[in-house]
Amino acid sequence: METLSENRCFGGVQGVYRHQSSATGGAMTFGLYLPPQAARGPVPLLWYLSGLTCTHENAMTKAHAQGYAAQAGLAIVFPDTSPRGEGVADDPAYDLGQGAGFYVNATQDPWSPHFRMWDYIATELPGVLMANFPLDEGRQAITGHSMGGHGALTLAMRLQGRFASVSAFAPIANPTESDWGRKQFTAYLGEDQAAWAAHDATLLMRETGFRGQVLIDQGSQDQFLDLLRPEALAEAMNARRQPGIFRMQQGYDHSYFFVSSFIGDHISFHAQALTE
């Protein structure tokens, strides 16, 4: 593992690191914030999964999460959203290819050799983190924005018991019924829609729910509301009587101004779950 940068931040360290990934077949970069409490021993870990077009850097620099994390004593990891580099398949559209991994294991050409983001986030990167940093493997939570909210919710519901809590900002909530999902799932997973269901938060909520607390924030003026389909997830949570909170935030859009406005609430939510 290569250290690209480390900067003092709210008494802790904001680092950026690169390592060779067997899951994606190339170099992957991630950001990791370690709060000052990490100097005394392992700390809980909050995963932040980013959205379309993002790298590890967007949330790391725009969400303004580090100050809240330092107060709560949480580490935050900011993974990249896809494999990158020469020889990695791409597409001219912003919502497919590099920057748009959708947190799935692609089975179709030309994506399948590298686009294995489910394995990377669920298995490989956790091993790298736990082997190299003072993190408490038994205390983890997960959040994300847009495509990353989709990833956070699907990982939490399919890996029951790993995460104490899950939250999302404007998640792609029902991708099997949206152009942000149907297009990408067809490309990555093929035409068989049965393979898509394991990556749809609304379907997973109906089927299994989450054994813990859920927090969803959605902006009422989000320019992508029709693609996100938050109403489908809200209905599924209600039908299942899922413990949690779904908030429609008046006047907010899809941007990091929205995320940064409520990141403190989300970190407090996860901190409480991780200390119970």
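## Reading a predicted fold, residue by residue

Author: Glutamine 213 is located in strand E8, which covers residues 213–219, and since this is a predicted model, we should read that residue, like every other, as a computed placement.

Reader: How should I read its exposure: is glutamine 213 buried, partly exposed or exposed?

Author: The idea is to place the relative accessible area between two cut-offs, with buried meaning under 20% and exposed over 50%. Glutamine 213 has a relative accessibility of 39%, and therefore counts as partly exposed.

Reader: Which residues is glutamine 213 in contact with, once its neighbours within four places in sequence are left aside?

Author: Here one looks for heavy atoms within 4.5 Å. For glutamine 213 the partners are Ala164, Ser165, Val166, Pro243, Gly244 and Phe269. Take the last of these as an example: phenylalanine 269 is 56 residues from glutamine 213 in sequence, while their C-alpha atoms are 8.8 Å apart in space.

Reader: What share of the contacts in the protein chain, counting those with a separation of 6 or more, comes from residues 24 or more positions apart?

Author: In the protein chain that share is 73%. The secondary structure comprises nine helices and nine strands, and 59% of the 276 residues are buried.

Reader: How does the radius of gyration of the protein chain relate to that of a compact globule?

Author: The general idea is to set the value against what a compact globule with this number of residues would have, and for 276 residues that is near 19 Å; the protein chain has 17 Å, which agrees. Along the principal axes, the C-alpha atoms fill a box of roughly 50 × 45 × 35 Å.

Reader: How many aromatic pairs does a search of the whole structure find, and how is the geometry of a pair to be read?

Author: The search finds 14 aromatic pairs. For each pair one reads the distance between ring centres and the angle between planes; in the case of tyrosine 17 and phenylalanine 30 the centres are 5.6 Å apart and the planes stand at 35°, so the pair is tilted. Because tyrosine 17 belongs to strand E2 (residues 12–21) and phenylalanine 30 to strand E3 (residues 26–34), this pair ties together parts that are 13 residues apart in sequence. Both tyrosine 17 and phenylalanine 30 are buried.

A second pair involves phenylalanine 30 and phenylalanine 133, whose ring centres are 6.4 Å apart with planes at 85°, so that this pair is edge-to-face. It links distant parts of the chain, 103 residues apart, since phenylalanine 133 sits in the loop between helix H3 (117–132) and strand E6 (135–144), whereas phenylalanine 30 is in strand E3. Phenylalanine 133 is buried, as is phenylalanine 30. Elsewhere, Phe169, Tyr252, Phe258 and Phe262 form one aromatic cluster.

Reader: Turning to the backbone, which residues does a cis peptide bond join?

Author: One reads omega, and a value of about 0° marks the cis bond between aspartate 109 and proline 110. Proline 110 is placed in the loop between strand E5 (75–79) and H3.

Reader: What is the phi value of threonine 53, and what is that of serine 146?

Author: The sign is what to look at in a residue other than glycine, and phi of threonine 53 is positive, near 75°. Serine 146, also not a glycine, has a positive phi of about 60°. Threonine 53 is in the loop between strand E4 (43–49) and helix H1 (57–62), and is partly exposed at a relative accessible area of 48%. Serine 146 is in the loop between E6 and helix H4 (147–158), and at 3% relative accessibility counts as buried.

Technical notes. Residues numbered from 1 in each chain as written. Predicted model: local features only at pLDDT ≥ 70, side-chain atom pairs only at ≥ 80, totals over all residues. Heavy atoms only, no water. Helix = DSSP H or I, 4+ residues; strand = E, 2+ residues; numbered from the N terminus. Rg over C-alpha atoms; globule rule 2.2 N^0.38 Å. Buried < 20%, exposed > 50% of the residue type's maximum accessible area, 1.4 Å probe, protein only. Phe/Tyr/Trp six-rings, centres within 6.5 Å; stacked < 30°, edge-to-face > 60°.
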